Amino acid sequence: MTAAPERERPERPGEPALVRKLRARQAEHKQRGRLYRLVFVAVGLVVLGVGIAMLALPGPAFVVIPIGLAILSLEFAWAEHLLEKALVKGEEARRKATQATRTQKILSGLAIACAAAAAFTAALVWDIPYLPV
């Protein structure tokens, strides 16, 4: 297995707390047995694969993919970098959402309401069942 190299990583300002927790957990994980780590990698790959499949299928892909990356980040540097990027982008999106003006929030709510009304109307007009039977 190509493990993430043991290196000292300086903390960066604005770094999510989850990244710091994962880095602390890496040292503990490296002391586990080879079989345990191999199973851990297999589970991480399955979770990541399911998350990627959820991009096309229904499901919470944007929750499952970071979980898979978090599992794999204990072993692989590439997963750690991808997870860190995703967490930083997520933190930026959260910050932007909290800084949205009242008008932006109202317009977003109206857009969601219009989309729901259009879906409901289409279901009535084209006789689309609400639940598959």
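Trainee: Is F76 buried or exposed?
Mentor: F76 is buried, because its relative accessible area is 11%, under the 20% limit for that label. Keep in mind that this is a predicted model.

Trainee: Which ring does F76 pair with?
Mentor: W78. The two rings are stacked, with centres 5.8 Å apart and 25° between the planes.

Trainee: And what is the accessibility of W78?
Mentor: W78 has 42% relative accessibility, so it counts as partly exposed. That pair joins a buried F76 to a partly exposed W78.

Trainee: How many aromatic pairs are there in the structure?
Mentor: There are 2. The other partners to look at are Y36 and F40, again stacked, at 5.8 Å centre to centre with a plane angle of 25°.

Trainee: Where do Y36 and F40 sit?
Mentor: Both are in helix 2, which covers residues 34-53. They are 4 residues apart, so about one helical turn separates them.

Trainee: How is each of those two covered, Y36 and F40?
Mentor: F40 is buried, since its relative accessible area is 18%. Y36 comes out at 35%, so it counts as partly exposed.

Trainee: What charged group sits over the ring of Y36?
Mentor: The charged end of R32 does, 4.8 Å from the ring centre. R32 also forms a salt bridge with E28, where the closest N and O atoms are 3.6 Å apart.

Trainee: Which residues are linked in a network with R32?
Mentor: R25 and E28, through salt bridges. As for exposure, R32 is partly exposed because its relative accessible area is 36%, and E28 gets that label too because its value is 42%.

Trainee: How many salt bridges does the whole structure have?
Mentor: A search finds 4. Among them is E75 with R37, at 2.5 Å between the closest N and O atoms.

Trainee: Where are E75 and R37 in the chain?
Mentor: They link distant parts, 38 residues apart. E75 is in the loop between helix 3 (61-73) and helix 4 (77-98), while R37 is in helix 2.

Trainee: Are E75 and R37 buried or exposed?
Mentor: Both are buried. Compare R94 and E91, another salt bridge with an N to O distance of 2.5 Å. R94 counts as partly exposed because its relative accessibility is 47%, and E91 is partly exposed because its value is 32%.

Trainee: How far apart are R94 and E91 in sequence?
Mentor: They are 3 residues apart, both in helix 4, which is about one turn of the helix.

Trainee: Switching topic: how many helices and strands does the protein chain have?
Mentor: It has 5 helices and 0 strands. Read from the N terminus, the elements go α-α-α-α-α.

Trainee: What share of the residues is buried?
Mentor: In this chain of 133 residues, 28% are buried.

Trainee: And what share of the contacts comes from residues 24 or more positions apart?
Mentor: Taking contacts with a separation of 6 or more, that share is 55%.

Trainee: What about the surface: how much area does the protein chain expose?
Mentor: About 9600 Å², and carbon and sulfur atoms supply 69% of that.

Trainee: Which residues make the nonpolar surface patch?
Mentor: F120, L124, V125, W126, I128 and Y130. The patch has an area of about 710 Å².

Trainee: Where does L124 lie?
Mentor: In helix 5, residues 102-125. L124 counts as exposed because its relative accessibility is 53%, over the 50% limit.

Trainee: And where is Y130 found?
Mentor: Y130 is in the segment after helix 5. Y130 is exposed as well, because its relative accessible area is 52%.

Trainee: What is Y130 in contact with, leaving aside neighbours within four places in sequence?
Mentor: F120, A123 and L124. F120 and L124 belong to the patch along with Y130.

Trainee: How far apart are Y130 and F120 in space?
Mentor: Their C-alpha atoms are 8.9 Å apart, with the two positions 10 residues apart in sequence numbering.

Methods
Residues numbered from 1 in each chain as written. Predicted model: local features only at pLDDT ≥ 70, side-chain atom pairs only at ≥ 80, totals over all residues. Heavy atoms only, no water. Patch = residues over 30% accessible without salt bridge, like charges linked within 9 Å, V, L, I, M, F, W, Y side chains within 5 Å. Areas by Shrake-Rupley, 256 points an atom, 1.4 Å probe, with all protein chains shown as cover. Salt bridge = Lys/Arg side-chain N within 4 Å of Asp/Glu carboxyl O. Helix = DSSP H or I, 4+ residues; strand = E, 2+ residues; numbered from the N terminus. Buried < 20%, exposed > 50% of the residue type's maximum accessible area, 1.4 Å probe, protein only. Contact = heavy atoms within 4.5 Å. Phe/Tyr/Trp six-rings, centres within 6.5 Å; stacked < 30°, edge-to-face > 60°. Lys NZ or Arg CZ within 6 Å of the ring centre and 35° of its normal.
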